Amino acid sequence: MNQLIFSYDSGNEMVLNMGPHHPSTHGVLRFIIRTDGEIMREATPVVGYLHRAIEKIAEGTPYESLMPYVDRVDYVSAMTADQCWAMAVEKLLGHEVPERAEYLRVIASELNRISSHAICVGVMAMDIGAITPFPYLLRERETINDLLEELCGNRLTYNYLRVGGVSHDLPAGWVDRCQTFLDHFDNVLPEFDRLITNNEIFIDRSADVCPVTAEEAVAYGLVGPNLRASGVDFDLRRDLPYSIYGGLEFDVAVGTGTMGSVGDCWDRFWVRCEEMKQSVRMLRQCLADLPQGPVYNKPKRIRPTGEAWVRVESSRGDMFCYVVGNGTPQPERVHFRTGSYNAMQIVKLKSRGVMVADLVAFIASLDVIAPEIDR
Amino acid sequence: MNIEKIHERLLQHFGSDIVLDLTSAQEGIRDPFITVAGPRIDKVCLFCRVEPDLALDFCQSITGTDTGETLTCVYHLFSYARRHTLVLKCATPRSQPALPTCTGVWPAANWYEREVFDLFGVVFDGHPDLRRLLLPDDWVGHPMLKDYKEQPVYHATVGPRNNPLQMDIPTTRENPLDLMDSEEQGA
């Protein structure tokens, strides 16, 4: 047995594999850890286990038909990924979307953001050792899944958006049911804060762990909640508004190092909790101002030429899509760059001199979703 | 700063040998881009990153496109301080695709360039760790090239399968409906 473990021995250092199938690696993710006891020298991420060649598939798929594949780019937050692809094609075509459809897109995206963040913060607490909070948030996520299922028939990979709008209008009574959920959810988050956010053991485990400075975050291209937790005050929805976000009132949560230092695991956790509250605010405004009208402006002919790129604030941050058309029904080139992809790169840098148990907290706090890295 | 001004600024510093033309927004092209000579792309990127009036500190994406005769790399840059965007393109010959690396400019470029190497076969000179990222290490070929042919067998897994709709399946009868007719008649 000893021989097996120490077959890569170099001095007192061990080389160990964490993953690809490990309960705390959020999908199929692998780290090669060089360690001397509990303190790591370095953890090198190895990705690609979930590579499904979505960009290559896109080259043979008509623009509208790619939507279900885009769902699978990020299956925890499929609605924002859909929005990214729909907006990219609409920009390429110069196509208008009806106002009601824009509202429905934002309502669906923000609901999806709440459920995605609920998974992230719940799983982070569970990875650290607090099992209880996770089922509490999973229960709320079920309600959101039910609401989204009523919208489009699917619970995870929605295929709800279309180029030029959305597939279905709201079913009868949906606004009231959503309102009821939001009123209920207002009480959930304070309860969650009492349960875990301000829990002393949780703070001990997450504060001052793997702090990422603002300079590092920008240089390594961290986006979204990870970037904001490092103290960079930037949110695409506020600073480069798309869809109807320009008309909504909300605050952007920025990490301040309340419990430790700026950009530590606790800050990343807290930013996501705050974003859920802001999403509820946005949802209330959207439901109140929801205009009447058509929800789908079907484009006559999708055979664009030229190129376009868009950025969308997905649950895991700035999602980037670059699309090139060649005058045929299939795109010439499609490229997605996602939040988890950038977050994964910084693991190698920040893992030096960290405890193995803290690596688990760090990965969980970055909200890494393996299919989003590999696409 | 809009892209025309950035183009002028780059032209002043590098000259027209390195910074080539600006393709402005027109029918189809929704986002203007600047074409740069491939072998100097790292210098241009470094200039874009450090100059205080450009300050393009966020490298959103580096990706490739197969344009037939050449491979084109596309750099999408963004500045948090100035809130402007820049798209740079540079071509590299298909026979021996090579470009200088930008890992020294943005650490984020490390994986972007590994991915372009993996999927397009562009060699980034000076890259510290140029290995395949998404595909297995022993994969043959670069799949995003338009003329890529999948290897027939990979570790005992048969690769390309025939499209059943295009397969020429020998049948004894012309039309399955004939079979039904004859059975009905027999009954």
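A salt bridge here is a side-chain nitrogen of Lys or Arg within 4 Å of a carboxyl oxygen of Asp or Glu. In this predicted model, A:Arg333 and A:Glu55 make such a pair through their side chains, at 3.3 Å from N to O. The two residues belong to distant parts of the chain, 278 residues apart: A:Arg333 sits in strand β8 of chain A and A:Glu55 in helix α2 of chain A. Both A:Arg333 and A:Glu55 are buried.

## Salt bridges

Over all chains, the structure holds 46 salt bridges. Six salt bridges are counted between chain A and chain B. The table gives four pairs, with the N to O distance of each.

| Residue 1 | Residue 2 | N to O distance |
|---|---|---|
| A:Arg333 | A:Glu55 | 3.3 Å |
| A:Glu149 | A:Arg155 | 2.9 Å |
| A:Asp239 | B:Arg83 | 3.5 Å |
| A:Glu332 | B:Lys146 | 4.0 Å |

In the pair of A:Glu149 and A:Arg155, the closest N and O atoms are 2.9 Å apart. A:Glu149 counts as partly exposed because its relative accessibility is 33%. A:Arg155, at 28% relative accessibility, also counts as partly exposed.

The salt bridge of A:Glu332 and B:Lys146, at 4.0 Å from N to O, crosses between chains. A:Glu332 is in the loop between β7 and β8 of chain A, while B:Lys146 is in the loop between β7 (123-125) and β8 (153-154) of chain B. With a relative accessibility of 21%, A:Glu332 counts as partly exposed. B:Lys146 is partly exposed too, its relative accessible area being 41%.

Salt bridges also join residues of chain A into a network: A:Glu110, A:Arg113, A:Arg228, A:Asp235, A:Arg237, A:Glu275 and A:Glu313 are linked in this way.

## The interface of chain A and chain B

How many residues does each chain bring to the contact? Chain A gives 43 residues and chain B gives 38 residues. The size of an interface is often given as the accessible area lost when the parts come together. For chain A and chain B, the area buried between them is about 3,400 Å², with 56% of it on carbon and sulfur atoms.

Across this interface, 19 residue pairs are in polar contact. On the side of chain A that touches chain B, the elements giving two or more residues are α2 (54-58), α4 (78-93), α9 (214-219), β6 (305-314), β7 (317-326), β8 (333-337), α13 (339-350) and α15 (370-374). The largest share of that side, six residues, comes from β6(A). By residue type, the side of chain A that touches chain B divides into 20 nonpolar, nine polar and 14 charged residues.

One of the salt bridges between the chains joins the side chains of A:Asp239 and B:Arg83, at 3.5 Å from N to O.

## Cysteines

A disulfide is a covalent bond between the sulfur atoms of two cysteines. The count of disulfides over all chains comes to zero. For A:Cys120, the nearest cysteine sulfur is that of A:Cys273, 8.8 Å away, and A:Cys120 is in no disulfide. A:Cys120 is buried, with a relative accessible area of 4%. A:Cys152 is in no disulfide either; its nearest cysteine sulfur, that of A:Cys178, is 13 Å away. A:Cys152 counts as buried because its relative accessibility is 13%, and the cut-off for buried is under 20%.

## Backbone and other single residues

A:Cys210 is not a glycine, yet its phi is positive, about 50 degrees. A:Cys210 lies in the loop between α8 (200-206) and α9 of chain A. At 7% relative accessibility, A:Cys210 counts as buried.

A:Ser243 also has a positive phi in a residue other than glycine, near 50 degrees. The loop that holds A:Ser243 runs between α11 (236-239) and α12 (265-289) of chain A. Is A:Ser243 buried or partly exposed? A:Ser243 counts as partly exposed because its relative accessibility is 29%.

In chain B, B:Lys5 lies in helix α1 (residues 3-14). B:Lys5 is exposed, with a relative accessible area of 52%. Between B:Lys5 and B:Ala37, which are 32 residues apart along the chain, the C-alpha atoms are separated by 19 Å.

Conventions
Residues numbered from 1 in each chain as written. Chains lettered and ligands numbered in written order. Predicted model: local features only at pLDDT ≥ 70, side-chain atom pairs only at ≥ 80, totals over all residues. Heavy atoms only, no water. Contact = heavy atoms within 4.5 Å. Buried area = accessible area lost by both parts, 1.4 Å probe. Polar contact = N/O pair within 3.5 Å; in protein donor to acceptor, adjacent residues only side chain to side chain. Helix = DSSP H or I, 4+ residues; strand = E, 2+ residues; numbered from the N terminus. Nonpolar A, V, L, I, M, F, W, Y, C, P; charged D, E, K, R; others polar. Disulfide = S-S within 2.5 Å. Buried < 20%, exposed > 50% of the residue type's maximum accessible area, 1.4 Å probe, protein only.
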